[in-house]
Amino acid sequence: MDGFLLQIFSGLANGSIYALVALALVMIYQSTHHINLAQGEMAMFATFIAWALIHAGVPYWVAFFLTVAIAFIGGLLVQRIFIKPVERAPVLNNVIVFVGLLVIFNALAGWIFDHTVKPFESPFPTQSPILEKFISGHQLGTLGVAMCVLLVVFAFFRFTPIGLAMRAAAQNPDSAALVGIRVSWMLALGWGLASAIGAVAGMMAAPVLFLDPNLMAGGFLYGFSSALLGGIDNPLGAVVGGFIVGVLENIMGAYVIGSDLKLTVALVLIVGTLTLMPNGLMGKKVVTRV
């Protein structure tokens, strides 16, 4: 029983990271109706920036918030420079741009920071102050940081004028433009926020996975499967899906398929969800008249 509970709590900690990645994917999907294939690489590159700041002597939490701000600006610039020119182009053009961004960020990380695996320190103690039999200090801290980010994002979109304008621009850009909302800039802010959320996910994952240019390759697949499972157009569903995938991955890895094949859980969920339940658990069914 203790082993099972250990897998549950560990899965929730992993799931909090997948939930952040899934939320970032859903935010961009809502505004562009495309999956940002470079989301994981952008998060990885931001984590390298945090590593560089820490090794330059910047205190961890100062480096953390600086990295989040840099990632926000970087995501905004990516939208203005690379995405805006092709936002009305055919789908294939957008896919090519996303793949290009993935390759560029991966190559830049290897070129600037090299391909050696680097340790990334955790700001949390080794032992957890509660439930130390089932969860480590870093896992508990990861859960806490993820929940804080999710609450801040919820409050931002629910209670602030800019958040409400961003929601309006994503859901109905034509009507939003008619009431004076600068839709293009709202979408750019959405990209910046998604990039910042991804950076938090990367910095929480790096102490466990270690840091290299492929840090978020698996995390992106888990986040993508979480977004699909919860509903690719539903932010709350993406968060719920992240925790479900995290727990399911751990249980399957420990008791069914082994830890070496855990990544297949994400792949099976992606194929299964698209085949059997394309709207996900909480996504809305869209009917189009042809």
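Over the ring of which residue does the charged end of Lys118 sit? Hi everyone, keep that one in mind while you find Lys118 on the screen. The answer is Trp51: the charged end of Lys118 lies 5.4 Å from the centre of the Trp51 ring. Before we go on, please remember that this is a predicted model.

There is another arrangement of this kind to look at. Arg80 has its charged end over the ring of Trp185, and here the distance to the ring centre is 4.1 Å.

Now let's turn to rings that meet other rings. How many aromatic pairs does the structure hold? It holds 15. One of them joins Tyr60 and Trp61, with 5.1 Å between the ring centres and 85 degrees between the planes. That pair counts as edge-to-face, because its angle is over 60 degrees.

Are these two residues buried or exposed? Tyr60 has a relative accessible area of 9%, so it is buried. Trp61 comes out at 36%, so it counts as partly exposed.

Let's move along the chain to Phe156 and Phe157. Their rings also make an edge-to-face pair, with centres 5.2 Å apart and planes at 75 degrees. Phe156 has 25% relative accessibility and counts as partly exposed, while Phe157, at 15%, counts as buried.

To finish, let's go back to Tyr60 and Trp61, since they belong to a bigger group. Which residues join them in one aromatic cluster? They are Phe64, Phe65, Phe120 and Phe124. Try picking out that cluster in the structure yourselves, and thanks for listening!

Notes:
Residues numbered from 1 in each chain as written. Predicted model: local features only at pLDDT ≥ 70, side-chain atom pairs only at ≥ 80, totals over all residues. Heavy atoms only, no water. Phe/Tyr/Trp six-rings, centres within 6.5 Å; stacked < 30°, edge-to-face > 60°. Buried < 20%, exposed > 50% of the residue type's maximum accessible area, 1.4 Å probe, protein only. Lys NZ or Arg CZ within 6 Å of the ring centre and 35° of its normal.
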